[in-house]
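Please open the model in your viewer and keep the sequence panel beside it. The tour below moves from one selection to the next and says what is to be found at each stop.

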Amino acid sequence: MSLYRNTIWLLKGLQEYTKGGYEAAARRFNEADLEVNVSGRSFIITGANSGIGKATACEIAKRGGTVHLVCRNEDRAKEAKNDIVEQSKNENVHVHLVDMSNPKKVWEFASGFSQNHNLHVLINNAGCMVNQRELTEDGLEKNFATNTLGTYILTTALIPTLKKSENPRVITVSSGGMLVQKLNIEDLQFEKGSFDGTMAYAQNKRQQVIMTEQWAAQHKEIHFSSMHPGWADTPAVRSSMPDFYEKMKNKLRTEAQGADTVVWLAISDVASRQPSGLFFQGQAFL
């Protein structure tokens with residue numbers, strides 16, 4: 001990461017990605033965009049047992065959607081489901097246990113889901129930032145396996161099912177951190193040089209944005225988008241970036257504020273009229 005890219009990203013983040021940035025952008029937001037009843041529409045949300053994924057699931061459930069929570073930990077998934085049902089008064093909330101870093105398990109889930117359910121919206125939210133280079137049981141670097149490969153396999157496997165639905169969408173929760181990384185296809189497993197978990201994560205997020213652009217070009221029937229949720233106070237930020245959290249905790253967005261653009265992209269008519277394949281920061285795009 002160059003000093004220039006890092007400086008620009010930090011300045012942009014302090015102005016736009018914080019709670020203050022959200023509050024400034026919210027003045028331009030049309031609340032009517034989210035006054036939508038999505039009963040009869042089916043949503044998959046990965047990484048939905050906490051943070052932005054859970055907040056997104058709750059907002060969609062409140063509007064009548066059928067929500068499928070894809071999570072790794074059974075206890076936390078069940079707790080999240082109970083919370084969402086209690087808050088939304090919507091019983092159509094379902095748990096699916098999947099390790100997104102395991103390609104075979106992701107494919108098996110997608111295949112089974114397609115045989116038993118319809119799907120209107122896929123929200124790729126699951127992610128990780130492992131700060132030491134760690135390999136999965138398949139010999140894959142953990143960040144790449146979860147953030148990039150898992151997202152690719154799940155989306156690709158579900159595209160035929162999505163195409164059968166009306167107004168299908170795919171939203172991938174990326175990160176503004178991708179702005180500090182150029183796409184590097186020469187070292188996908190981060191085998192060269194010293195390992196930096198933060199930069200591996202940023203590279204994965206760049207990869208997600210590029211995949212979104214490619215899917216949009218290849219599958220015109222589906223509306224694809226990627227987005228940055230801003231800097232939000234989530235369990236993932238606290239555990240993966242403790243130093244950043246301590247410095248920024250009073251400026252971070254809430255989980256709901258981080259989820260607002262995901263919800264907007266998933267349910268609003270206005271969002272579906274935007275060109276497919278864009279990267280959004282709030283309701284603005286790059």
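What follows is a short walk through a predicted model, stop by stop.

Begin with strand 2, residues 66-71, and strand 3, residues 93-97, which pair in the parallel sense over 5 bridges. Within this pairing, select Leu69 and look across to Val95 in strand 3, which stands opposite. Now add helix 4, residues 74-88, to the selection, and the two strands together with this helix make a right-handed β-α-β unit.

Stay on helix 4 and display the side chains of Glu74 and Lys78, which meet in a salt bridge with an N to O distance of 3.0 Å. Both residues lie in this helix, 4 residues apart, about one turn of the helix. Glu74 is partly exposed, with a relative accessible area of 39%, and Lys78 is likewise partly exposed, at 44%.

A search of the whole structure finds 6 salt bridges, and the next selection takes in another of them. Between Glu134 and Lys142 the closest N and O atoms are 3.6 Å apart in a salt bridge; here Glu134 is partly exposed at 37% relative accessible area, whereas Lys142 counts as buried because its relative accessibility is 15%, and the cut-off for buried is under 20%. Elsewhere, salt bridges that share partners join Glu59, Lys62 and Arg63 into one network. Within that network, select Glu59 and Arg63, whose salt bridge has its closest N and O atoms 2.8 Å apart, and note that Glu59 is partly exposed, with a relative accessible area of 25%.

Move next to Thr172, which is found in strand 5. Is this residue, Thr172, buried or exposed? Thr172 is buried, with a relative accessible area of 1%, and, leaving aside neighbours within four places in sequence, its contacts are Asn124, Thr151, Gln208, Thr212, Ser225, Ser226 and Met227.

Then go to helix 6, residues 142-162, and pick out Tyr152, which is partly exposed at 39% relative accessible area. Not counting residues up to four places away in sequence, Tyr152 touches Met211 and Trp215. If you also select Lys220, the C-alpha to C-alpha separation from Tyr152 is 17 Å, across 68 residues of sequence.

The last stop is the loop between strand 5 (169-173) and helix 7 (197-218), where Leu183 lies. Leu183 counts as partly exposed, at 39% relative accessibility, and with Ile185 and Leu188 it makes a nonpolar surface patch of about 260 Å².

How values were computed
Residues are numbered from 1 along each chain as its sequence is written. This is a predicted model: local features need pLDDT of at least 70, side-chain atom pairs count only at pLDDT 80 or more; totals for chains, interfaces and linings use all residues. Side-chain values use heavy atoms; hydrogens and water are left out. Patches are made of residues with over 30% relative accessible area and no salt bridge: like charges are joined within 9 Å, nonpolar side chains (Val, Leu, Ile, Met, Phe, Trp, Tyr) within 5 Å. Accessible areas come from the Shrake-Rupley method with a 1.4 Å probe; for residues, only the protein chains shown count as cover. A salt bridge is a side-chain nitrogen of Lys or Arg within 4 Å of a carboxyl oxygen of Asp or Glu. Buried means under 20% relative accessible area, exposed over 50%, partly exposed in between (1.4 Å probe, protein chains only). Contact means heavy atoms within 4.5 Å. Two strands pair if DSSP finds at least two bridges between them. A crossover is right-handed if, with the strands pointing away from the viewer, the path from the first strand over the helix to the second runs clockwise.
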